[in-house]
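Here is a short note for a colleague opening this model for the first time. Please read the points with the structure in view.

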Amino acid sequence: MVYPRPAAHGAASANITPRKTPSARLEHLPQRNTPITRRYEVRSLTPEGEQVDFMRVAPATPVFEDAFAGFARGTLFSTESGPVAIEDLQPGMMLETGRAGMQPVLWVGSMTVYPGAAGQSTESATLTRITADSFGLGRPMPDLMLGARARLLYKGAGCQEMFGSDAGFAPARAFVDGISAIRIQPAAPVRVYHLALHGQQIVMANGLEVETYHPGQHADMMVEPEIRDIFLGLFPHVRSLSDFGMMPLPRMTAFELENLRAGV
């Protein structure tokens with residue numbers, strides 16, 4: 001799929017109307033299936049290369065929140081013009097990836113995490129702080145604050161044997177040790193973000209390799225049919241779940257990471 005570069009931000013994109021608001025369909029769902037909702041904000045390209053910006057109310061469930069809980073405000077990414085903070089990334093900017101060269105940002109999403117909010121899991125309100133130089137010189141630099149669903153790239157001798165790959169992505173929270181990675185419970189509302197390119201990609205966040213957003217290879221089995229359109233409505237750059245592209249690297253659980261690091 002080819003994504004042409006969009007017009008300058010704020011150009012004709014202001015007159016573009018995104019696809020019909022699927023969140024309205026929540027009103028027609030049976031009451032027993034209506035979940036707690038939250039507001040999500042999106043900046044995205046369409047497949048035609050036009051930029052759309054909107055806010056939408058959608059379910060506050062893990063499938064939805066996973067897409068927005070990657071990085072805290074201020075996280076820096078390497079673009080063709082130099083480091084840019086996540087909140088300033090615009091669709092169409094060219095981002096440096098670990099294995100695919102420069103790739104265009106297709107989507108940036110954000111939401112606000114409210115500590116102690118009714119119906120919100122404790123995990124959803126938890127951040128992970130990776131301290132400077134804890135993975136090597138400049139990895140990260142400065143400290144890196146990650147959302148509840150962020151994943152870090154892990155390379156180890158056992159990866160090939162366990163997954164058939166030289167590396168994989170592990171939950172950031174699985175690295176928490178109280179020294180190099182610290183569990184943070186915010187005392188005030190925090191804005192968290194995520195970004196998507198075409199396919200699963202490795203990008204550098206404050207100099208540390210992290211995973212871009214991808215719903216997973218079996219997302220069609222995880223998203224209930226009655227809310228699939230609502231979910232896809234948050235991603236104007238795709239028309240179906242398969243449009244998110246390939247996942248060349250495996251994802252591992254916290255338990256699998258523990259075994260790899262222990263040499264089991």
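1. **Cavity.** This is a predicted model. It holds one cavity of 30 Å³ or more. The largest cavity encloses about 70 Å³ of space. Its lining consists of Glu123, Thr126, Leu127, Thr128, Gly147, Ala148, Arg173, Val176 and Arg183.

2. **Pocket.** The largest pocket has a volume of about 470 Å³. It is lined by 25 residues. Closest to the pocket centre are Asp66, Arg151, Pro215, Met222 and Arg251. Helices α1 and α3 (219-222) each supply at least two residues of this lining.

3. **Overall make-up.** The protein chain has five helices and 16 strands. Of its 264 residues, 49% are buried. The accessible surface comes to about 12600 Å². Carbon and sulfur atoms account for 53% of that surface. Take the contacts between residues at least 6 apart in sequence: 67% of them join residues at least 24 apart.

4. **Nonpolar cores.** In soluble globular proteins, nonpolar side chains tend to be buried together. Here the largest nonpolar core has 31 residues. Which residues have the most contacts inside it? They are Phe64, Phe68, Leu234 and Phe235. Strands β1 (37-45), β2 (51-59), β8 and β14, together with helix α4 (225-232), each supply at least two residues of this core. Helix α4 gives the most, with four residues. Another core lies apart from this one and has 29 residues. Cys159, Tyr193, Met252 and Leu260 are among them.

5. **Aromatic pairs.** A pair of aromatic rings is described by the distance of the centres and the angle of the planes. The model has 12 aromatic pairs. One of them joins Phe68 and Trp107, with 5.2 Å from centre to centre and 70° between the planes. That pair is edge-to-face. It links distant parts of the chain, as the partners are 39 residues apart. Phe68 sits in the loop between α1 (62-65) and β3 (71-72). Trp107 belongs to strand β8 (residues 107-113). Are these two residues buried or exposed? Phe68 has 0% relative accessibility, so Phe68 counts as buried. Trp107 also has 0% and is likewise buried.

6. **A further pair.** Phe71 and Phe77 have ring centres 5.1 Å apart. Their planes meet at 80°, so this pair is edge-to-face as well. The cut-off for that label is an angle over 60 degrees. Phe71 is buried, with a relative accessible area of 1%. Phe77 is buried too, again at 1%.

7. **Aromatic cluster.** Phe68 and Trp107 also belong to one aromatic cluster. The other members are Tyr40, Phe64, Tyr213, Phe231, Phe235 and Phe244. Phe64, Phe68 and Phe235 were named above for their contacts inside the largest nonpolar core.

8. **His194.** Where does His194 lie? It is in strand β14 (residues 190-196). Its relative accessible area is 3%, so His194 is buried; the cut-off is under 20%. Which residues does His194 touch, leaving aside neighbours within four places in sequence? Asp66, Ala67, Phe68, Ala69, Gly70 and Phe71 are among its contacts. Trp107, Val108 and Gly109 are others, along with Glu211, Thr212 and Tyr213. His194 is therefore in contact with both partners of the Phe68 and Trp107 pair.

Conventions
Residues numbered from 1 in each chain as written. Heavy atoms only, no water. Phe/Tyr/Trp six-rings, centres within 6.5 Å; stacked < 30°, edge-to-face > 60°. Buried < 20%, exposed > 50% of the residue type's maximum accessible area, 1.4 Å probe, protein only. Contact = heavy atoms within 4.5 Å. Areas by Shrake-Rupley, 256 points an atom, 1.4 Å probe, with all protein chains shown as cover. Core = buried A, V, L, I, M, F, W, Y, C linked by side-chain atoms within 4.5 Å. 1 Å grid on protein atoms, 1.4 Å probe; cavity = no way out; pocket = protein on both sides within 12 Å on 5 of 7 lines; lining within 4 Å. Points joined across faces, edges and corners; volume = space filled by probe spheres on them.
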